[in-house]
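User: Please go through this structure with me. I would like short answers on its sheet, its pocket and a few single residues.

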Amino acid sequence: MSVTVERANELFADEIGRAILAGLPLPPDVRCYPKLEFHSKKRVLGNCKWRMSPHGYKTDIRIYLSKYMLDTTEWDIRKTLAHELCHTCTGRNHDKMFKHWAKLLNDRYGYSIGTHATTEETKIFQEASGY
């Protein structure tokens with residue numbers, strides 16, 4: 001099963017909408033100028049990076065997805081993108097607020113967002129990446 005880059009970007013836009021509907025306080029950067037990029041890491045499904053503005057808010061937010069995720073399922077991609085969107089609402093770590101937003105999305109959409117990939121998710125990803 002393979003997902004195109006175009007489809008991954010459609011899923012990203014959809015996940016932003018779902019996160020907004022669920023009540024996540026996504027920063028304006030994510031709402032107005034979403035940026036999904038791809039990396040070649042074989043041990044990281046996705047990650048979120050940003051800069052702090054001089055005024056103390058996150059800016060230039062970018063969500064990264066491993067290109068190997070394109071060889072998994074749309075469901076796995078959605079969960080990974082949702083996980084990364086939770087990071088835009090809190091600090092870098094999987095703190096209390098991250099867990100709050102993840103639980104909100106899990107309850108609403110049936111995801112299993114946690115602080116780390118499950119054994120099954122890791123297995124699927126490793127098979128896709130040839131790791």
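The questions and answers below concern a predicted model.

User: In what order do the three strands of the open sheet lie?
Analyst: The pairing in this open sheet is mixed. The edge strands are β1 (36-39) and β2, each of which pairs on one side only. Neighbouring strands are turned by 30° against each other on average, direction ignored. The order is β1-β3-β2.

User: How many bridges join β1 to β3, and which residue in β3 stands opposite H39?
Analyst: β1 and β3 run parallel, and the bridges that join them number four. The residue in β3 that stands opposite H39 is S66.

User: Which strands does α3 touch, and what angle does its direction make with that of β3?
Analyst: Two helices can be placed against these strands. Helix α1 (residues 5-22) lies across β1 and β3, at about 130° to β1. α3 packs on the sheet and touches β1, β2 and β3. The direction of α3 makes an angle with that of β3 of about 155°.

User: Which element supplies the largest share of the lining of the largest pocket?
Analyst: The largest pocket holds about 620 Å³ of space. Its lining has 30 residues, and the closest to the pocket centre are L45, G46, H83, H116 and A117. β2 (46-52), α3 (74-87) and α5 (119-129) each supply at least two lining residues. The largest share is six residues, and the element that supplies it is α3.

User: How many residues of the lining of the largest pocket are charged?
Analyst: The lining divides into three classes. Ten of its residues are nonpolar and 13 are polar. The number of charged residues is seven.

User: Is D60 buried or exposed, or in between?
Analyst: D60 lies in strand β3 (residues 58-66). It has a positive phi of about 50° although it is not a glycine. Buried would need under 20% relative accessible area and exposed over 50%. D60 has 24%, so it counts as partly exposed.

User: With which residues is K99 in contact, leaving aside its neighbours within four places in sequence?
Analyst: K99 is in helix α4 (residues 96-109). Its relative accessibility is 48%, so it counts as partly exposed. Beyond the neighbours within four places in sequence, its contacts are H94 and T115.

User: How far apart in space are K99 and H55, C-alpha to C-alpha?
Analyst: In sequence, K99 and H55 are 44 residues apart. In space, the C-alpha to C-alpha distance between K99 and H55 is 26 Å.

Definitions and conventions
Residues numbered from 1 in each chain as written. Predicted model: local features only at pLDDT ≥ 70, side-chain atom pairs only at ≥ 80, totals over all residues. Heavy atoms only, no water. 1 Å grid on protein atoms, 1.4 Å probe; cavity = no way out; pocket = protein on both sides within 12 Å on 5 of 7 lines; lining within 4 Å. Points joined across faces, edges and corners; volume = space filled by probe spheres on them. Nonpolar A, V, L, I, M, F, W, Y, C, P; charged D, E, K, R; others polar. Buried < 20%, exposed > 50% of the residue type's maximum accessible area, 1.4 Å probe, protein only. Contact = heavy atoms within 4.5 Å. Pairing = 2+ DSSP bridges. Axes fitted to C-alpha atoms, helices over the stretch in contact; angles between N-to-C directions.
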